Amino acid sequence: MGGFAKGLRVIEAFAGVPRLTITEVAERADLDRATARRCLLTLVAHGYAEHDGKFFALTPKVARLGQAWLQGLPLATVIQPRLDRLSAEVGQSSSVSVLDGAEIVYIARAAQQRIMSINLMAGSRLPAFCSSMGRILLAALPEGQAEALIRSADRPPYTARTLTDPALLMQELARVRQQGYAVIDQELEIGLCSIAVPVLNDRSQVVAALNIGAPAAQVPAVEMAGRFLPPLRALQAALRPLLA
């Protein structure tokens, strides 16, 4: 394994953890202690990490790596201004994401109000199995690939409504595939409903997912399609010829 790949594994070891010792990094990155130490010291030397004598922590400079990817995405550039208009039109937050393994990664977002306990933005990640955009993107995969991702992923019950059984999730993906949209009723967080549709390119390939989220107290799940599917479909159609 090359040094660059090892460095990436060291960076990924900090996922969800603000600071780690050399031993902890080595364990999480599956590297020997000497290799982990060399990678960490290289990150420190280039400003991507800091060290207090015992613990290492990543610095904000690491965010540049993700920002460079996001800023280089033609899809995000095309979608963001249209997403802003959609959000203003419906008075709710809207987002676009792509699939990365068993998670979705936000590439564009227009927020009208904060409806989740976490602050979502471009670069944020959520589990695919219980999010509306995630189900759209999983439904676009070959069935066997989608099932393998679901079965291999952690599927904690975020709320009492969260679907976690792989068989039931596959049934839900079949329904999403048939109807062309996905609705989530407080499966990710109590009080949050969302609806998503696929973003298609000019060859009818699914390249991303587009959603609108709303407080359940304002728009219950049974009303999501009636309220928000028409504007989502309109933006879906407008984007299609623009995405080669």
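The following is an exchange about a predicted model.

Biologist: Which domains does the domain assignment give, and how many Å separate their centres?
Modeller: The assignment splits the protein into domain 1 (3-63) and domain 2 (73-242). Taken over C-alpha atoms, the centres of domain 1 and domain 2 are separated by 33 Å.

Biologist: How many disulfides does the structure hold, and why does Cys130 form no bond with Cys193?
Modeller: A disulfide needs two cysteine sulfur atoms within 2.5 Å. For Cys130 the closest cysteine sulfur is in Cys193, at 13 Å, which is too far for a bond. The closest cysteine sulfur to Cys193 is likewise that of Cys130, at 13 Å. The number of disulfides is therefore zero.

Biologist: Is Cys130 buried or exposed?
Modeller: A residue counts as buried under 20% relative accessible area. Cys130 has a relative accessible area of 0%, so Cys130 is buried.

Biologist: Is Cys193 buried or exposed?
Modeller: The cut-off for buried is again under 20%. The relative accessibility of Cys193 is 0%, so Cys193 is buried.

Biologist: Over which ring does the charged end of Arg19 sit?
Modeller: The distance cut-off, from CZ of Arg to the ring centre, is within 6 Å. The charged end of Arg19 is 3.9 Å from the centre of its ring, and that ring belongs to Phe55.

Biologist: Which residue lies over the face of Tyr48?
Modeller: For Lys, NZ must be within 6 Å of the ring centre. At 4.7 Å from the ring centre of Tyr48, the residue over the face is Lys61.

Biologist: What is the count of aromatic pairs?
Modeller: Rings pair if their centres lie within 6.5 Å. By this rule, the count is one.

Note on methods:
Residues are numbered from 1 along each chain as its sequence is written. This is a predicted model: local features need pLDDT of at least 70, side-chain atom pairs count only at pLDDT 80 or more; totals for chains, interfaces and linings use all residues. Side-chain values use heavy atoms; hydrogens and water are left out. Rings of Phe, Tyr and Trp (its six-membered ring) pair if their centres lie within 6.5 Å; planes under 30 degrees apart count as stacked, over 60 as edge-to-face and the rest as tilted. A charge sits over a ring if NZ of Lys or CZ of Arg is within 6 Å of the ring centre and within 35 degrees of the ring normal. Domain bounds come from an automatic or database domain assignment. Buried means under 20% relative accessible area, exposed over 50%, partly exposed in between (1.4 Å probe, protein chains only).
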